[in-house]
Amino acid sequence: MMAEETEIRTYEPPEEFARQANVDDASVYDEAEKDYEGFWEKRAKELHWFKEWDQVLNWDPPEAEWFVGGKLNVAYNCLDYQVEQGRGDKTAILWESDEPGEGKAYTYSELTAEVKKFANVLKGLGVGKGDPVAIYMPMIPELPIAMLACARIGAPHSVVFGAFSGDSLRDRINDCEAKVLVTADGGPRGGKTAYHKKNADEALKDTPSIDSVVVAKRVGEDVPMTEGRDHWWEDLAAEAEDECPAEEMDSEDILFILYSSGSTGKPKGIVHTTGGYLTQVKATTRWVLDVKDDDVYWCQADIGWVTGHSYLVYGPLSNGATTVQFEGTPSYPGPDRHWDLIERHGVTIYYSAPTVIRAFMKQGTEPLEGHDLSSLRLLGTVGEPINPRAWEWFHNNVGKGNCPVVDTWWQTETGAIMIAPLPGLTKTKPGSATRPFPGISVDIYDEEDNPIEGAGKGNLVITRPWPSMLRTIYKDPERYRKTYWERLGDKYFVEDGAERDEDGYYTITGRIDDVMNVSGHRIGTMEVESALVGHESVAEAAVIGRNDEDKGQAIVAYVILEGDREGDEELIKELNNQVRKSIGPHARPEEIIFTPDLPKTRSGKIMRRVLRGVAEGQEDLGDTSTLADPSVVDDLKAARQ
Ligand code: ATP
Ligand code: MG
């Protein structure tokens with residue numbers, strides 16, 4: 001039984017939305033199912049190709065090639081092709097700075113010009129087709145410009161999230177052996193300044209492959225520049241030629257390398273290629289996020305994560321949309337910053353994340369008051385399972401009940417959205433990512449790796465190759481094979497648990513290693529968390545299974561409170577009741593720990609292995625370098641005393 005089941009409602013697409021949706025004919029599902037290669041071939045034809053493919057798919061598990069022999073360029077698709085279609089004067093990137101109301105807009109023509117120039121800068125530094133370029137920047141327009149410039153000359157980019165430490169940057173640079181690093185002097189975020197060049201200098205002490213560093217100026221303070229190696233972006237750009245032809249890339253040439261967020265272990269250098277990636281990213285942006293020509297579309301992810309790559313940069317630009325890039329945080333200068341931004345720019349589509357939505361919930365609806373959010377017509381979420389209470393809150397308070405909510409399940413590895421509603425067609429259920437995208441085939445397998453019939457719960461599996469799938473782990477094909485394919489051969493093992501209901505809807509229950517086994521009962525951490533946050537005093541909860549001699553595992557819940565309740569015996573009793581009511585007595589936590597904070601990765605995900613380590617009293621908690629705030633670990637240890 002699902003947590004909060006008794007409260008779950010379903011939502012039909014609002015009529016007004018359905019009438020204008022990009023996809024309004026449910027036969028697309030059947031059509032794609034009959035011939036999934038044909039379906040994707042049609043989507044590929046929506047791109048610009050220098051030369052079309054000879055074969056749609058070559059599948060030799062675990063190696064896939066899509067649109068074999070096709071030639072295209074991703075930057076050409078996102079820039080020149082848009083200008084050719086009359087969008088030259090349309091805003092491509094609407095950049096808002098950390099300070100409200102400050103920012104800059106680039107039309108498609110302007111963006112094209114900047115990208116060509118910077119592509120020539122990279123060429124001037126000796127970067128050629130196939131040479132990886134590392135990018136470590138704050139959320140400034142030079143970041144997507146640098147990515148598109150790489151794509152234009154066929155140099156794979158490896159974007160490293162700008163808040164990572166020098167050490168994390170060093171490891172990622174050394175893994176891909178980049179010759180050039182593109183960074184910035186720094187950048188303001190939430191009213192504070194981060195100094196990227198300074199961190200980069202730490203990394204650069206031990207990165208033998210780097211010959212040149214390009215530094216964009218954002219902060220304008222003095223930074224140390226190493227003679228011969230470091231150059232200011234603006235100086236190089238001022239001297240660069242204006243024209244730069246787009247390289248004709250093979251469909252299977254590498255577009256980028258991106259390291260996964262490291263929630264479960266050492267980050268993996270996920271490799272994405274050109275034709276299949278852009279095909280699925282473009283199609284899902286149109287079909288799931290319903291992006292149209294007159295939209296002001298805002299994906300609030302950082303470009304340093306895959307969501308920013310696919311749905312802030314490549315998806316919206318390849319569709320000729322106006323994409324908002326925001327430098328700041330949701331809470332600066334006040335808790336209403338997002339609502340203020342939506343109102344001022346007339347944002348129509350807002351793509352967010354559960355961790356952000358739950359933080360909004362904690363503040364209540366007051367920050368929303370006085371803001372006109374009537375421009376919004378669609379809301380989206382990605383990154384983690386969203387508990388039904390947060391989904392409802394988002395739908396009711398941000399969308400005012402008028403905007404469909406698309407809960408989109410996918411991974412760095414999948415490159416693009418895999419399970420999500422088509423908002424003009426799909427009835428939504430809070431907490432469920434609903435159905436696989438047309439052309440995508442997923443299933444649920446049991447512990448013995450047999451497919452489950454009908455409704456049930458188990459391991460999520462992707463049963464066919466898809467265009468934007470990762471092609472390998474950079475320089476580690478063996479880890480690629482082992483991690484994703486060893487278990488099922490020609491089917492992709494996701495490492496997420498899921499539940500399928502009678503309507504064929506999928507609810508992600510969390511990562512596989514987040515499924516607990518308590519006295520023989522398999523219980524998802526997410527289910528228990530969902531039950532706990534169903535209590536009005538709980539802002540956030542994280543649940544893990546601690547090894548237990550008697551039961552196999554015992555449930556430990558870390559709970560952050562909201563409002564003015566004390567974490568006392570009385571509340572513990574109420575919380576236990578809450579879990580018993582919504583799941584059953586077997587799911588009652590053995591231990592409830594009240595804590596002010598949780599260990600989160602920089603992408604906002606809870607690092608459960610740390611919680612498990614603390615609950616088991618382990619001294620060594622493993623690699624915690626990707627934690628947003630490593631000091632949380634000490635707080636947790638103290639809270640457990
Ligand atoms: P690592 O693989 O390095 O441990 P990560 O899995 O957190 O890191 P990402 O690729 O950014 O890195 O995240 C993908 C994962 O996020 C999915 O496998 C899933 O667990 C979770 N996820 C993403 N979107 C959703 C969603 N809509 N609903 C439920 N879970 C989601
Ligand atoms: Mg993962």
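This tour moves through a predicted model, with each stop naming what to select and what is found there.

**The N-terminal region and a helix pair**

Begin by selecting residues 27-78, the span that UniProt lists, in an unreviewed entry, as "domain: Acetyl-coenzyme A synthetase N-terminal". The C-alpha atoms at the two ends of this span lie 29 Å apart, and the span is 42% helix and 27% strand.

Next, select helix H3 (residues 36-44) together with helix H11 (residues 275-287), which pack at an angle of about 85° with their axes 9 Å apart. Angles of 65 to 115 degrees count as roughly perpendicular, and H3 and H11 are therefore roughly perpendicular to each other. To see the contact itself, show the side chains of Phe 39, Trp 40, Arg 43 and Ala 44 on H3, and those of Thr 279, Gln 280, Ala 283 and Trp 287 on H11. Sorted by class, the residues in this contact of H3 with H11 are five nonpolar, two polar and one charged.

**The eight-stranded sheet**

Now turn to the open sheet of eight strands, which can be followed in the order S12-S11-S8-S6-S7-S14-S15-S23 and whose pairing is mixed. At its edges stand strand S12 (230-232) and strand S23 (472-473), each with a single partner strand, so that one side of each is left without a neighbour in the sheet.

Select strand S11 (residues 212-216), which pairs with S12 in the parallel sense over three bridges. Two positions help to register these strands: Val 215 has Trp 232 of S12 as its bridge partner, and Val 214 stands opposite His 231 in S12. Strand S11 also runs parallel to S8, to which five bridges join it, and here Val 180 has Ser 212 of S11 as its bridge partner.

Is S11 mostly covered or mostly exposed? Five of its five residues are buried, so strand S11 is mostly covered, and this applies to both faces, with Ser 212, Val 214 and Ala 216 buried on one side and Val 213 and Val 215 buried on the other.

Then add the helices that lie across the sheet strands. Helix H8 (residues 166-176) lies across strand S6 (133-135), strand S7 (157-159), strand S8 (180-184) and strand S14 (254-259), and it runs at about 145° to S14. Helix H12 (residues 306-318) lies across S7 and S14, running at about 140° to S14.

**An enclosed helix**

Move on to helix H15 (residues 388-398), where eight of the 11 residues are buried, so that this helix is largely enclosed by the rest of the structure. Selecting Pro 388, Ala 390, Trp 391, Glu 392, Trp 393, Phe 394, His 395 and Val 398 picks out its buried residues. Among the elements that cover them are helix H13 (337-345), strand S18 (349-352), helix H14 (354-363), strand S19 (378-381), strand S20 (405-407) and helix H17 (525-533). Just after H15, stop at Lys 400, whose phi is positive at about 50°.

From H15, step across to Thr 365, which is placed in the loop between H14 and S19 and, at 31% relative accessibility, counts as partly exposed. Apart from neighbours within four places in sequence, Thr 365 is in contact with Trp 393 and Asn 397; Thr 365 and Trp 393 are 28 residues apart in sequence, with 9.4 Å between their C-alpha atoms.

**The annotated binding-site residues**

For the last main stop, select Val 533, His 535 and Val 538, which the UniProt annotation "binding site" covers in an unreviewed entry.

His 535 lies in the loop between H17 and strand S28 (538-548) and is buried, with a relative accessible area of 7%. Residues up to four places away in sequence aside, His 535 touches Arg 389, Leu 571, Glu 574, Leu 575 and Gln 578.

Val 538 is found in strand S28 and is buried as well, with a relative accessible area of 0%. Beyond its neighbours within four places in sequence, the contacts of Val 538 include Arg 389, Val 533 and Leu 575.

**A buried loop residue**

Finish at Thr 426, in the loop between S20 and strand S21 (442-445), which despite this loop position is buried, with a relative accessible area of 6%. Not counting residues up to four places away in sequence, Thr 426 touches Tyr 11, Pro 13, Tyr 29, Pro 421, Thr 434 and Tyr 505.

Terms used: Residues are numbered from 1 along each chain as its sequence is written. Chains are lettered from A and ligands numbered from 1 in the order in which they are written. This is a predicted model: local features need pLDDT of at least 70, side-chain atom pairs count only at pLDDT 80 or more; totals for chains, interfaces and linings use all residues. Side-chain values use heavy atoms; hydrogens and water are left out. Axes are lines fitted to C-alpha atoms, for helices over the stretch in contact, and angles run from 0 to 180 degrees between N-to-C directions. Helices (H or I, at least four residues) and strands (E, at least two) are DSSP runs, numbered from the N terminus. Angles under 35 degrees count as roughly parallel, over 145 as roughly antiparallel, 65 to 115 as roughly perpendicular and the rest as oblique. Contact means heavy atoms within 4.5 Å. Ala, Val, Leu, Ile, Met, Phe, Trp, Tyr, Cys and Pro count as nonpolar, Asp, Glu, Lys and Arg as charged, and the others, Gly among them, as polar. UniProt positions are given in the numbering used here, feature names are shortened, and annotations may be inferred rather than shown by experiment. Two strands pair if DSSP finds at least two bridges between them. Buried means under 20% relative accessible area, exposed over 50%, partly exposed in between (1.4 Å probe, protein chains only).
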